[in-house]
Amino acid sequence: MPRDALGVLSEIKRSFITKQLKEGKRGDGRGVLDFREASITTNYVPRAAGSAMVQLGKTRVLAGVKIESGEPFPDTPNSGVLTTNVELLPMAFPTFEAGPPNETSIEIARVVDRGIRESKMIDTQKLVIEPGKKVWIVFVDINIMDFDGNLIDACTLAAVSALRTAYIPASKEGGKDMPLPVDQIPVSVTMVKIGDEIVCDPDLEEEQLGSARLTVTTTEDGHIRAMQKGDSGSFTLDEIKKAIKISSDTGAALRKKYFS
Amino acid sequence: MGSESNIKLLDENGIRLDGRTPEQLRPIKIETNVLERADGSAYIEWGGNKIMVAVYGPREGYPKHTQDIEKAVVKARYNMAAFSVDERKRPGPDRRSVEISKVVSEALSSAIMVEQFPRAQIDVFIEVMQADAGTRIAGLTAASVAVASAGIPMRDMVVGCTAGKVEGKVVLDLSKEEDNFGQADLPMAVLSSSKKIVLIQMDGDLSLEEFDQASEMILKATDNIAEIQRNALTSRYSVESIGDGE
């Protein structure tokens, strides 16, 4: 993740946050495992097949889904296609630049994609128009509008919300428009390690302070569907196990809060 | 994970397609100092994987805006040859290789004493000549040896392995078929003596118990792989071996 505009977090802030955390407190009054409040506005862009504006604390992302017919991949002729792309808009942060995806946006997109794909949220077998020839291609494009940490979870929330409300424009292929068939709801929970503390849903300052990051995406059955460690720090196996537990508990709460 | 298949990945005795038991590694061979020009290098064969790694640096960070005033920046580049896989791969970086390069760079940064080289960069070129599942971990394991052979100070070696799930059973070191048709893939790398986890990714479907089982299996295996790394370095650089060469 990019450092702040000046490149470094001031020493005063750094020691303040670390000291607060030792007492189990965070800058904005949250507990270490608490998520920021999220607001999700679906159908934000009616022109899209599905969309969601998500505000997670002060992080803001907009996901839009477009569904078009096209050719399947040769190795999966009987299954539709899902592609996920993330764009770090220059408006979101002083050091974000326009241009082709960089390693940060690629990593976010691939982790979000893995969570959706591996949870079997979308039954891609149902997206076949003509076996081997024509299938529905689901494009999930996520724009980062305002960056205050934890883009992976904000993007997963937005993508899942947009997909849940998406419809397949089957009328273009001589059928009837129908809702995109969705099943499981993947929820990703990202944590950072600051000192020896594990903190959920880090804001920008916490993200910059963290030595290592871990994202765990789970489904309703509590199973792990995707994981990704980031940054150059490390975790012990016990910390990872604890983080997985946190993710499945917190994930269940978030699923209930936003998707039921 | 991959698609359904009719291939039976485990027989009734729990033996795998290639004859291995669930906890058995494929054969691994590491050689070091195999390239002339690079500051450090290593070659690894892991099952059917054939991967060459070259290390250049520490050298001045370029372009300048990528420099870090506090430490060296590790720039790993994971690259697959066009002919390394069944279907020709379009040459050059794709999204997958960009992601792998990122997580491998981060893992190596944990081990290298980057704080000793502010404003420098350390380039690690990982060239997959033949791919046979588990390339990122094989590449990272070899990269650690290559960095050591470049004489770059490290606090520990990085060593990794994958585990996964096939036909509902947790197995170590997935083969290509198991990777393609299995239900989960968990690549993991640790610092070899402290066992701190510096790379972990997962995709597929694992319960908490299965994760515990898979991670224990990996940790156990890393001891053996670390031994192979050590042997590669000592057989090339120990006082005796250098003496023999002269």
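**Figure 1. Helix 2 of chain B meets helix 4 of chain B in this predicted model**. From helix 2 of chain B come B:Thr141, B:Ser144, B:Val145, B:Ala148 and B:Ser149. They meet B:Ile225, B:Gln229, B:Ala232 and B:Leu233 in helix 4 of chain B. Five of the residues in this contact are nonpolar, four are polar and none is charged. Helix 2 covers residues 135-149 of chain B, and helix 4 covers residues 208-237. Their axes come within 10 Å and cross at roughly 30 degrees. Helix 2 of chain B therefore counts as roughly parallel to helix 4 of chain B, because angles under 35 degrees are classed that way. The crossing of these two helices is right-handed.

**Figure 2. Helix 2 of chain A crosses helix 3 of chain A**. Helix 2 of chain A spans residues 103-118, and helix 3 of chain A spans residues 151-164. The two axes come within 9 Å and cross at roughly 45 degrees. That angle makes helix 2 of chain A oblique to helix 3 of chain A. The crossing is right-handed. On helix 2 of chain A, the contact residues are A:Ile108, A:Val111, A:Val112, A:Gly115 and A:Ile116. On helix 3 of chain A, they are A:Leu151, A:Ile152, A:Cys155, A:Thr156, A:Ala159 and A:Val160. Nine residues of this contact are nonpolar and two are polar, with no charged ones.

**Figure 3. Chain B touches chain A**. Here 28 residues of chain B are in contact with 26 residues of chain A. Three elements of chain B each supply at least two residues to its side of the contact: helix 1 (95-111), strand 9 (197-206) and helix 4. Strand 9 of chain B gives the largest share, ten residues. The touching side of chain B holds twelve nonpolar, seven polar and nine charged residues.

**Figure 4. Strands from chains A and B form an open sheet**. Eight strands line up in the order 10(A)-9(A)-11(A)-12(A)-9(B)-8(B)-6(B)-7(B), with antiparallel pairing. Strand 10 (197-200) of chain A and strand 7 (169-172) of chain B stand at the edges. Each has a single partner strand, so one side of each is left without a neighbour in the sheet. On average, neighbouring strands are turned by 20 degrees against each other, direction ignored. The two chains join where strand 12 (residues 224-230) of chain A pairs with strand 9 of chain B over four bridges. There, A:Gln228 stands opposite B:Gln201. Within chain A, strand 11 (residues 212-218) and strand 12 pair over six bridges. A:Thr218 has A:Ile224 of strand 12 as its bridge partner.

**Figure 5. Helices from both chains lie across strands of both chains**. Helix 2 of chain A lies across strands 9, 11 and 12 of chain A, together with strand 9 of chain B. It runs at about 165 degrees to strand 12 of chain A. Helix 1 of chain B lies across strand 12 of chain A, together with strands 6, 8 and 9 of chain B. This helix runs at about 145 degrees to strand 9 of chain B.

**Figure 6. B:Asp39 sits in a loop of chain B**. The loop lies between strand 1 (28-32) and strand 2 (40-46) of chain B. B:Asp39 is partly exposed, with 19 other C-beta atoms within 10 Å. B:Asp39 and B:Ala150 are 111 residues apart in sequence. In space, their C-alpha atoms are 5.0 Å apart. Leaving out residues up to four places away in sequence, B:Asp39 touches B:Val55, B:Tyr56, B:Gly57 and B:Ala150.

Key: Residues numbered from 1 in each chain as written. Chains lettered and ligands numbered in written order. Predicted model: local features only at pLDDT ≥ 70, side-chain atom pairs only at ≥ 80, totals over all residues. Axes fitted to C-alpha atoms, helices over the stretch in contact; angles between N-to-C directions. Parallel < 35°, antiparallel > 145°, perpendicular 65-115°, else oblique. Left-handed = near helix turned anticlockwise from the far one by under 90°. Contact = placed C-beta atoms within 7 Å. Nonpolar A, V, L, I, M, F, W, Y, C, P; charged D, E, K, R; others polar. Pairing = 2+ DSSP bridges. Buried ≥ 20, exposed ≤ 12 C-beta atoms within 10 Å, placed from the backbone.
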